[in-house]
Amino acid sequence: MPEGHSIHRLARQFNSVFAGRRLEVSSPQGRFAAGAARLDGRILVNAEAHGKQLFLAFDHDLFLRIHLGLYGAFDFGGDSSFLGASSIGAPRKVGEREIASDDDGAAYAGPPAPKGAVRVRMVSPNGWADLRGPTACEVITDAERAAVVARLGPDPLQQDADESEFVGRLRRRASPVGLLLMNQEILAGVGNVYRAEVLFRRRLSPWRLGKDVSEDEAAALWRDIVSIMNDGVAQGRIITTLPADRDSDTEPVPREDAHYVYQRTGLPCRKCGTAVALTEMGARKLYWCPRCQER
């Protein structure tokens, strides 16, 4: 499932290629036909992300709310002014992905015929975007958008996000911090990769209860999340290791060097050499170092 940095990159891409443009909106698959009819011919005002939720704001106070979930992905294409990744999303069998455009310079002749189950197609004079497989895709009002956001915790990637709100929400709970970081009502945007990596970076046991995390520890956890998620926005991928902790110094960072514990079961911890362990928490795989993150 895409984590918050990917959704913010999606919002940035929509603002770059579609904001201020009148769009043709359709549902080739048919499952979103009624919603597409409400948005067809309207202007996309702006796009914004809150955690894993993407909100596309159209004129007349209508919003397209999208949650990609485990299967959702966007494909993009267009002319030379239509820049950015050609695909952003999280097909379950592929894992989170972002593929840069490899346009060969051919003249733009409009969007291709829909391929597969395209839930929503958005088209401007310069390009197109196709959405497949989202968990949520609905047209809502501004008041309904505000209600969705109100149920979520602070988003570390928003400049006005409140550190103290996260600290308070975390420390009021008697659940393990490994579960709380995945709870979107505590913190919006963190998924399985960032959960494992930030807990290792802060040397916190995933089983430590939220109420037992000190205020200073919670604040440091927040600041580290802000840092590595902003790196994810800038780089288009999750890289949490420091150069000194990698096995090689090649660029771009190889996939096997990008993480401390995530998907490194049985491999030696980059800090202490203990075998990285794997268990399940919150119905998701949890990776951790039994020594560096001792209970």
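**Contacts, cores and ring pairs in the predicted model**

Me: At what distance does the side chain of Arg65 make a polar contact with the side chain of Glu138?

Reply: The side chains of Arg65 and Glu138 make a polar contact, that is, a pair of N or O atoms within 3.5 Å, one able to donate a hydrogen and the other to accept it, with sequence neighbours counted only if both atoms are side-chain atoms. This is a predicted model, in which local features need pLDDT of at least 70 and side-chain atom pairs pLDDT 80 or more, whereas totals for chains, interfaces and linings use all residues. Residues are numbered from 1 along each chain as its sequence is written, and side-chain values use heavy atoms, without hydrogens and water. For Arg65 and Glu138 the distance is 2.7 Å.

Me: Is Arg65 buried or exposed?

Reply: Arg65 belongs to strand β4, residues 62-67 (strands are DSSP runs of E of at least two residues, helices runs of H or I of at least four, numbered from the N terminus). Buried means under 20% relative accessible area, exposed over 50% and partly exposed in between, with a 1.4 Å probe and protein chains only. Because its relative accessibility is 14%, Arg65 counts as buried.

Me: Which helix gives the most residues to the largest nonpolar core?

Reply: A nonpolar core joins buried Ala, Val, Leu, Ile, Met, Phe, Trp, Tyr and Cys residues through side-chain atoms within 4.5 Å. The largest has 35 residues, with Phe166, Leu170, Leu181, Leu187, Leu221 and Ile225 making the most contacts inside it. Elements that give two or more residues to this core are α4, α5, α6 and α7. With eight residues, the leading contributor is α7.

Me: How many of the 14 residues of α1 are buried?

Reply: Helix α1 covers residues 4-17, and its end C-alpha atoms are 20 Å apart, which agrees with the span expected at 1.5 Å a residue (1.5 Å times one less than the number of residues). Its buried residues include His5, Arg9, Leu10 and Phe14. The helix is mostly covered, and the buried count is 11.

Me: Why does the pair of Trp207 and Trp288 tie together distant parts of the sequence, and how many residues apart are they?

Reply: Rings of Phe, Tyr and Trp (its six-membered ring) pair if their centres lie within 6.5 Å, with planes under 30 degrees apart stacked, over 60 edge-to-face and the rest tilted. Trp207 and Trp288 are edge-to-face, 4.9 Å centre to centre with 75° between the planes. Because Trp207 lies in the loop between α6 and α7 and Trp288 in strand β12, the pair ties together parts whose separation in sequence is 81 residues.
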